[in-house]
Amino acid sequence: MKPKPTSSSDLDDFLKAQGIYEEVMASPKIKKAIRDLGDSIQAGEHKAFEAGWNAFLSNHSGLLISHGIKDFRIGFEEAWSKYWQSRKE
């Protein structure tokens with residue numbers, strides 16, 4: 001199975017691994033379209049992750065508060081960063 005491109009740098013790596021990086025990136029229009037597609041994919045995944053995160057918080061906020069985590073919503077961006085990093089590995 002081929003790896004899925006997930007961000008600009010991952011997309012560059014993906015295209016290089018396929019041996020088509022130079023060919024694809026030669027056209028400024030195609031280059032911009034691919035960058036926009038990569039950004040769109042990441043934005044969509046961000047929204048899905050955020051929805052799941054918010055659902056978890058709404059269902060388990062009492063548990064988090066009982067463990068001394070008072071402002072548990074601050075951690076979303078950090079959780080997103082960790083999730084995204086795990087996708088790269």
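This note comments on a predicted model of a single chain, point by point.

1. Overall architecture. The chain holds four helices and zero strands. Read from the N terminus, its elements follow the order α-α-α-α. Helix α1 covers residues 8-18, helix α2 covers 21-25, helix α3 spans residues 28-66, and helix α4 takes up residues 76-88.

2. Confidence. The mean pLDDT of the chain is 75, and 75% of the residues score at least 70. Among the elements, helix α2 has the highest mean value, 83, while helix α4 has the lowest, 74. Over residues 1-6 pLDDT stays under 50, although the model has nine contacts beyond four places in sequence for this segment. Where pLDDT is low, predicted coordinates should not be read in detail. The contacts of residues 1-6 are therefore to be read with that reservation, pLDDT there being under 50.

3. Burial and surface. Of the 89 residues in the chain, 25% count as buried. The exposed area comes to about 6500 Å², of which carbon and sulfur atoms supply 58%. Among contacts between residues at least 6 apart in sequence, 44% join residues at least 24 apart.

4. The nonpolar core. Which residues make up the largest nonpolar core? There are seven: Leu 11, Phe 14, Leu 15, Tyr 21, Val 24, Met 25 and Ile 34. Helices α1 and α2 are the elements that give two or more residues to this core. Leu 11, one of the core residues, is placed in helix α1. Its relative accessibility is 10%, and Leu 11 therefore counts as buried, the cut-off being under 20%. Leu 11 and Leu 37 are 26 residues apart in sequence, and their C-alpha atoms are 10.0 Å apart in space.

5. Asp 12 and its surroundings. Is Asp 12 buried or exposed? Asp 12 belongs to helix α1 and has a relative accessibility of 15%, so it counts as buried. When neighbours within four places in sequence are left aside, Asp 12 is in contact with Tyr 21, Met 25 and Arg 35. Two of these partners, Tyr 21 and Met 25, also appear in the list of core residues.

6. The salt bridge between helices α1 and α3. Side chains of opposite charge can pair when their charged atoms come close. The count of salt bridges in the model is two. One of them joins Arg 35 to Asp 12, with the closest N and O atoms 2.8 Å apart. Arg 35 lies in helix α3 and Asp 12 in helix α1, so this pair ties together parts that are 23 residues apart in sequence. The acidic partner, Asp 12, is buried, at a relative accessible area of 15%.

7. The salt bridge within helix α3. Asp 36 forms a salt bridge with Lys 32, and here the closest N and O atoms are 2.8 Å apart. Both residues lie in helix α3, four residues apart, which is about one turn of the helix. How accessible are the two partners, Asp 36 and Lys 32? Asp 36 is partly exposed, with a relative accessible area of 38%, whereas Lys 32, at 51%, counts as exposed. The value for Lys 32 is to be set against the cut-off for exposed residues, over 50%.

8. Trp 53. This residue is located in helix α3. Its relative accessible area is 22%, and Trp 53 is therefore classed as partly exposed, since buried requires under 20%. Trp 53 and Ala 79 stand 26 residues apart in sequence, and the distance between their C-alpha atoms is 8.7 Å. The span of helix α4, residues 76-88, has the lowest mean pLDDT among the elements, 74.

Note on methods:
Residues are numbered from 1 along each chain as its sequence is written. This is a predicted model: local features need pLDDT of at least 70, side-chain atom pairs count only at pLDDT 80 or more; totals for chains, interfaces and linings use all residues. Side-chain values use heavy atoms; hydrogens and water are left out. Buried means under 20% relative accessible area, exposed over 50%, partly exposed in between (1.4 Å probe, protein chains only). Contact means heavy atoms within 4.5 Å. Accessible areas come from the Shrake-Rupley method with a 1.4 Å probe; for residues, only the protein chains shown count as cover. A salt bridge is a side-chain nitrogen of Lys or Arg within 4 Å of a carboxyl oxygen of Asp or Glu. A nonpolar core is a set of buried Ala, Val, Leu, Ile, Met, Phe, Trp, Tyr and Cys residues joined through side-chain atoms within 4.5 Å. pLDDT is the predictor's confidence in each residue, from 0 to 100.
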